[in-house]
Amino acid sequence: MIGRTLRNGLSAAVLAAMMVAPASAQTRRDPLAPTGRWSANTAGRAATPPMGWNSWNAFYSDVDEEKVMASAKIIADSGLQAAGYRSINIDDGWWLRRRQPDGRMVIRADKFPSARTGRDGETTFRPLTDRLHSMGFRAGIYSDIGRNSCGQIYTPNFANQPEGTIAEREVGLYGHVDQDIRLYFAEWGFDAIKVDGCGVRGLGADSDHVKKGDYRQFDPLIDMNAIGRTDIARVRGLYQEVADALKRHNPDGDYMYSVCLWGSSNVRAWAKDVGNISRTSDDITSNWARMLTNFDTTLTRALYAHPGSWNDPDMLFVGQGDFDKDHMTEARSHFALWAITNAPLLIGYDLRKATREQLALFGNKGLIALNQDAGGHQAVPAYLSDDVQVLVKTLANGEKAVALFNRGLAPMKAVLTAEHLKMRADRPVALIDLWGGKARSFTGETSFEIAPRETLVFTAKGTRSLEAGMYLSEVPGDVNPAEDGVVVPKADPTIHHSVIPWVGTKGRGEHPQYAGWGGAQADRSPFLTPLRVAGTRIDTGLGVLANSRLEVQGRGASRFAATVGVDDAASDRTRAVVFEVYGDGRLLKRSAPVRAGQAAVPIEAELGGARIVELVARAAGRGPAGEALPVVWGEARLLR
Ligand code: GLA
């Protein structure tokens with residue numbers, strides 16, 4: 001059903017909407033029709049990326065109250081809490097069983113002694129969350145969208161497995177969403193939840209667990225290796241159910257919802273509308289190459305992250321393995337890359353072992369300020385290679401931050417240009433080094449020696465090339481690809497393929513997850529080529545597939561302007577595209593139809609105070625073999 005519909009040319013997002021919508025709504029909804037609304041999630045509390053601590057990378061499932069409280073205390077005493085680390089989150093390993101017949105979850109009280117109530121079979125996390133709250137923290141818990149958890153299905157030799165009968169060991173949310181969310185938030189007082197997806201992935205009829213009778217069969221909704229065998233709409237529906245329950249049981253709206261689907265299920269297209277953070281890749285480990293894999297899955301997704309819904313390349317591994325106290329260059333790079341791309345800063349380290357230098361890294365005020373900047377703009381790659389990368393982030397005050405990252409094992413020379421920063425080359429640019437506070441300045445360009453695996457990070461102040469406004473590619477947090485035109489989600493071929501440490505080189509290697517390729521991009525085409533129309537390079541702009549609708553925050557601008565056309569990356573040379581600009585749902589401008597090979601045409605619109613500007617690119621009919629058609633909103637800008 002899904003495969004056929006996708007081939008018929010409906011995007012996954014439309015399909016998802018249709019499959020959960022009643023029949024009457026199906027005929028009404030045109031995904032390209034303007035709504036005058038900002039549809040990316042703003043519910044919950046994640047106006048800036050969440051910061052805190054999580055037990056998983058530090059202890060895996062061997063977690064207990066003492067370990068959790070020890071790190072919490074160090075975060076409070078060391079000043080890290082004041083620096084922004086506010087959430088203390090328990091991951092897998094806390095549960096004992098689901099009590100029968102009422103289904104109430106029971107905590108592993110031998111590991112969390114304060115959970116004992118003295119009443120037979122009854123436990124509560126309230127004393128623990130009260131303690132965390134009284135210390136000024138928020139508290140997070142963990143569950144799974146299916147009946148069983150990741151630890152049960154994939155790591156059965158782990159500590160603290162749920163116990164009892166098959167039904168008692170069904171600790172996941174499936175069939176218990178309202179009951180569990182009420183218990184965790186209204187009764188136990190948690191403020192955050194991470195919801196994993198293993199229970200709807202690993203318990204098909206062919207699973208050893210099912211054959212042995214360990215767990216009930218659950219026909220998989222997710223196939224990590226085949227998007228056509230993934231029921232995107234149902235997966236989204238289940239995660240939406242949790243989002244709705246969170247709203248019901250947190251009337252003050254004070255909660256954080258972490259979607260953990262590892263980039264599968266075309267989650268890029270929809271988790272931004274459902275949760276507060278969304279995992280873009282499988283698990284990170286303390287291995288350098290693995291960190292690169294995880295980083296790469298968010299690097300080109302800047303337009304999919306906004307205040308309230310962030311890309312999550314997984315928790316920090318600073319402190320261990322390739323990022324331990326003897327590898328501070330690597331640790332600094334890992335932290336800086338997470339900071340500048342607006343990743344959640346969740347420490348995954350037993351802080352009892354932390355050195356002064358490690359605590360100072362977690363507490364780096366300049367980097368935290370980048371991460372927590374109110375503008376919410378994830379860094380955009382200004383220069384990409386497998387050796388050196390230059391990432392530029394626009395700050396709320398209009399200044400920039402830039403990271404120069406040496407991924408490899410040889411020292412590299414890197415030139416930073418004013419153009420990378422979208423600043424004038426004939427005026428000085430002032431840099432402040434966030435690793436030491438040293439100031440320097442340059443005009444035009446400057447060069448650096450970057451040590452192996454080192455990341456240089458600066459704030460940059462200069463004269464903007466566009467003085468009277470903002471290019472949209474500078475402010476990805478203000479642009480939401482509500483409909484990104486992706487018809488058939490495809491794996492991103494540009495992600496660093498690391499050896500999965502827990503598998504080694506057995507099998508054929510990891511397949512990068514779907515929907516990296518073809519997504520909306522800042523300053524590049526959806527296929528990461530430079531933006532180009534009819535042979536003319538366009539340095540700044542948005543690249544997106546046709547049949548897309550971008551929502552843009554108006555921010556009081558008076559005028560929108562761009563030059564639009566079909567990107568030279570298009571292999572379909574026949575179809576015409578019409579570009580439309582809407583203000584608060586009203587059509588302001590429509591272009592004449594343009595085709596591949598035709599020069600870009602200007603489009604301008606007076607916004608009349610519109611709060612939401614929508615940019616729609618429509619292609620006539622379907623391309624041969626359903627081919628995607630990349631288009632360019634060149635120099636798309638909001639002018640004062
Ligand atoms: C999955 C998640 C991890 C962690 C484990 C717990 O692998 O991706 O982050 O929560 O489950 O078992």
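**Exercise 1.** In this predicted model, determine how the lining of the largest pocket divides by class into nonpolar, polar and charged residues, and establish where the pocket lies with respect to domain 1 and domain 2.

*Solution.* Begin with the classes: the lining of the largest pocket holds 18 nonpolar residues, 10 polar residues and 13 charged residues. The space enclosed comes to about 1100 Å³, and of the 41 residues that line the pocket, those closest to its centre are Tyr 154, Arg 201, Met 224, Asp 282 and Trp 502. Next, consider the elements: helix 8 (150–154) and strand 6 (192–196) are the ones that give two or more residues to the lining, and helix 8 supplies the largest share, three residues. Finally, turn to the domains: because domain 1 (16–41 + 471–639) and domain 2 (51–371) both give residues to the lining, the largest pocket lies between them.

**Exercise 2.** Describe how helix 9 and helix 11 pack, giving the angle and the distance between their axes, and state the handedness of the crossing.

*Solution.* Two packed helices are described by the angle and the distance between their axes. Helix 9 (residues 177–187) packs with helix 11 (residues 232–249) at an angle of about 45°, and their axes are 9 Å apart. Angles under 35 degrees would count as roughly parallel and those from 65 to 115 as roughly perpendicular; helix 9 and helix 11 are therefore oblique to each other. As for handedness, helix 9 passes helix 11 in a right-handed crossing.

**Exercise 3.** Locate Pro 101 and Asn 266, and describe the backbone feature of each.

*Solution.* Pro 101, in the loop between strand 3 (95–98) and strand 4 (105–107), is joined to Gln 100 by a cis peptide bond with omega of about 5°. Asn 266, in the loop between strand 7 (256–260) and helix 12 (267–274), has a phi near 50°, which is a positive value in a residue other than glycine.

Conventions: Residues are numbered from 1 along each chain as its sequence is written. This is a predicted model: local features need pLDDT of at least 70, side-chain atom pairs count only at pLDDT 80 or more; totals for chains, interfaces and linings use all residues. Side-chain values use heavy atoms; hydrogens and water are left out. On a 1 Å grid over the protein atoms alone, a cavity is a set of points where a 1.4 Å probe fits but cannot get out, and a pocket is an open set with protein on both sides within 12 Å along at least five of seven lines; lining residues have an atom within 4 Å of a point. Grid points are joined across faces, edges and corners, and a volume is the space filled by probe spheres set on the points. Helices (H or I, at least four residues) and strands (E, at least two) are DSSP runs, numbered from the N terminus. Ala, Val, Leu, Ile, Met, Phe, Trp, Tyr, Cys and Pro count as nonpolar, Asp, Glu, Lys and Arg as charged, and the others, Gly among them, as polar. Domain bounds come from an automatic or database domain assignment. Axes are lines fitted to C-alpha atoms, for helices over the stretch in contact, and angles run from 0 to 180 degrees between N-to-C directions. Angles under 35 degrees count as roughly parallel, over 145 as roughly antiparallel, 65 to 115 as roughly perpendicular and the rest as oblique. A crossing is left-handed if the near helix is turned anticlockwise from the far one by less than a right angle, and right-handed if clockwise.
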